[in-house]
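This report is written for a reader who wants to follow charge pairing and burial through a single chain. Please keep the sequence and the coordinates at hand while reading.

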Amino acid sequence: MSEAESSESQPQVVSGLEGVLACHSSVCFIDGPAGTLRYRGYEIGDFVTSAEFLDVAWLLWSGEWPSAQESALFVEKVAVNRELPSSVLSLLETAPMETANPMAVMRTAVSLLGVEDSSADDYSIDSLWEKAQGLLGRLPTIVAAMSRRVAGRDIVAPHPELGHSANYLYMLTGEPPSDSAAYALNALLNTYAEHELNASTFAARTTVGTLSDYYSAIVTGLGTVKGALHGGAVDDAMEVFSRIGAVENVSPYLDAALAARVKVPGFGHRVYRTRDPRAEAMDNLAETMGAEMGEPHWHAVASSLERELRTRKGLSANVDYYSALVLHHLGFPHKMFTSVIASSRVAGWTAHIGEQYANNRLIRPRALYGGQPARTYQPSSAR
Ligand SMILES: CC(C)(COP(=O)(O)OP(=O)(O)OC[C@H]1O[C@@H](n2cnc3c(N)ncnc32)[C@H](O)[C@@H]1OP(=O)(O)O)[C@@H](O)C(=O)NCCC(=O)NCCS
């Protein structure tokens, strides 16, 4: 047997499951080398700034855009779910926001919502959509409440008359937002709504693959998206911009980061070999918002760093890079950014959870053992 034949017959571990096809899905299409992203067949760039986020959620769940009537009814159903039960409110009022990671608080809040929901273990599809509508309505209330606490301010109750994004910003600032701010948040929520089998979606699918419940899967997703290699990168990108501060500091920062082999937050991607197709809309918004708010230096720093990193390492910005600036200009405290993303990604998680339930098989890969060979057990008295 040749060496090549013998290595082919050996079991191989695919590091990080890179390129492994783990399930069939009709929610989202990605072509990494071409930099293409489609939700249910629709190119992200065609609707990201023009579609309403709740219509996008509907599209992801049902496969088609809602009719005007379906859309209006859905908006109403999500809006009536904005209020939080008193147990969750008291968690948000008392959690130590000075030290706690907001994603940990959010994860706990969703877990508590599951405890409060007497239908948590109802696995029917109708019940799944009910719960998902509930979370679409309540997660912004949770994120805004945490943001107010982080800023040392009182929690603001939802405004029943405002649309999804406008109400989100109202609960953040206490004032009805400008149309342009609501437009920017809506685009950001659309940008993050879905992204195929990313780590958190895979984790959520794995959870319901055991026939566990919807809330457990969302808690899994939240715990997974929190990490610095996933959604956590958006908080870290803002931290880098703050540290750099001015365009003249970009090169020295990059020299030091590359010498220390630091992964610069907001760069690189497991799937895309081009610039992340979601970066474009966030880049444009970050530039416009920075100029309008008299803070153009943020975008100048970011685009200078992107140019240098592309030249020196061939790396392009991913979605989290310019989104950090959009979230900053919208007024979210810097440590809250990942939680805003999660309040959007719940749409995609839900679509995948529905798919998993509909055609379930336990997800249970194998590990290639590399530990000790078989050994003889010695009782503790003999060790
Ligand atoms: C997204 C990410 C986790 C993908 O990881 P991955 O597919 O395992 O890719 P690798 O970490 O193996 O990176 C491949 C190469 O690109 C380099 N690279 C990747 N991302 C980089 C980054 N952000 N900064 C500097 N170098 C980076 C790696 O050092 C490696 O180079 P090498 O082969 O010379 O060692 C990785 O790019 C990263 O850590 N990015 C920063 C965090 C981030 O922005 N996450 C959000 C993703 S949407």
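What follows describes a predicted model, beginning with its salt bridges and going on to a covered helix, selected single residues and a surface patch.

**Salt bridges around helix α15**

The structure holds 11 salt bridges, and several residues of helix α15 take part in those described here. Arg-275, Glu-280, Asp-283, Glu-306 and Arg-310 are linked in a network of salt bridges. Within this network, Glu-306 pairs with Arg-275 and also with Arg-310. The pairing of Arg-275 with Glu-306 joins distant parts of the chain, 31 residues apart, since Arg-275 lies in the loop between α13 (250-259) and α14 (279-292), whereas Glu-306 belongs to helix α15 (residues 297-313). Arg-310 and Glu-306, by contrast, both lie in helix α15, 4 residues apart, which is about one turn of the helix. A further pair, Glu-308 and Arg-312, is likewise set 4 residues apart in helix α15, separated by about one helical turn. Such spacing fits the geometry of the element in general: an α-helix has 3.6 residues a turn, so residues three or four places apart point the same way.

| Salt bridge | Closest N to O separation |
|---|---|
| Arg-275 with Glu-306 | 2.9 Å |
| Arg-310 with Glu-306 | 2.9 Å |
| Glu-308 with Arg-312 | 3.0 Å |

How accessible are the charged residues of these pairs? Glu-306 has a relative accessible area of 3% and is therefore buried, the cut-off for that class being under 20%. Arg-310 reaches 38% relative accessibility and so counts as partly exposed, and Arg-312, with a relative accessible area of 39%, is also partly exposed.

**Helix α8 and its surroundings**

Is helix α8 mostly covered or mostly open? Of the 10 residues in this helix (residues 164-173), 9 are buried, so that the element is mostly covered. The buried residues are His-164, Ser-165, Ala-166, Asn-167, Tyr-168, Leu-169, Tyr-170, Met-171 and Leu-172. These buried residues pack against α3 (53-62), α4 (68-79), α7, α9 (179-192), α16 (319-330) and α17 (337-358). Just after α8, Gly-174 takes a positive phi of about 85°.

**Single residues in helix α17 and a loop**

Helix α17, one of the elements against which the buried residues of α8 pack, contains Ala-342. With a relative accessible area of 0%, Ala-342 is buried, and apart from residues up to four places away in sequence it touches Met-103, Met-106, Leu-139, Leu-222, Val-225 and Trp-349. Ala-342 and Asp-154 are 188 residues apart in sequence, and their C-alpha atoms lie 23 Å apart in space.

Glu-248, in the loop between α12 (233-244) and α13, counts as exposed at 61% relative accessibility. The C-alpha atoms of Glu-248 and Ser-304 are separated by 9.3 Å, although the two residues are 56 residues apart along the chain.

**A negative surface patch**

Which residues form the negative surface patch? Asp-121, Asp-122, Asp-126 and Glu-130 make it up. Asp-122 sits in the loop between α6 (102-116) and α7 (125-150). Its relative accessible area of 36% makes Asp-122 partly exposed; this value also meets the patch requirement of over 30% relative accessible area.

Methods:
Residues numbered from 1 in each chain as written. Predicted model: local features only at pLDDT ≥ 70, side-chain atom pairs only at ≥ 80, totals over all residues. Heavy atoms only, no water. Patch = residues over 30% accessible without salt bridge, like charges linked within 9 Å, V, L, I, M, F, W, Y side chains within 5 Å. Areas by Shrake-Rupley, 256 points an atom, 1.4 Å probe, with all protein chains shown as cover. Salt bridge = Lys/Arg side-chain N within 4 Å of Asp/Glu carboxyl O. Lys, Arg positive; Asp, Glu negative; His and termini not counted. Charge placed at Lys NZ, Arg CZ, Asp CG, Glu CD. Helix = DSSP H or I, 4+ residues; strand = E, 2+ residues; numbered from the N terminus. Buried < 20%, exposed > 50% of the residue type's maximum accessible area, 1.4 Å probe, protein only. Contact = heavy atoms within 4.5 Å.
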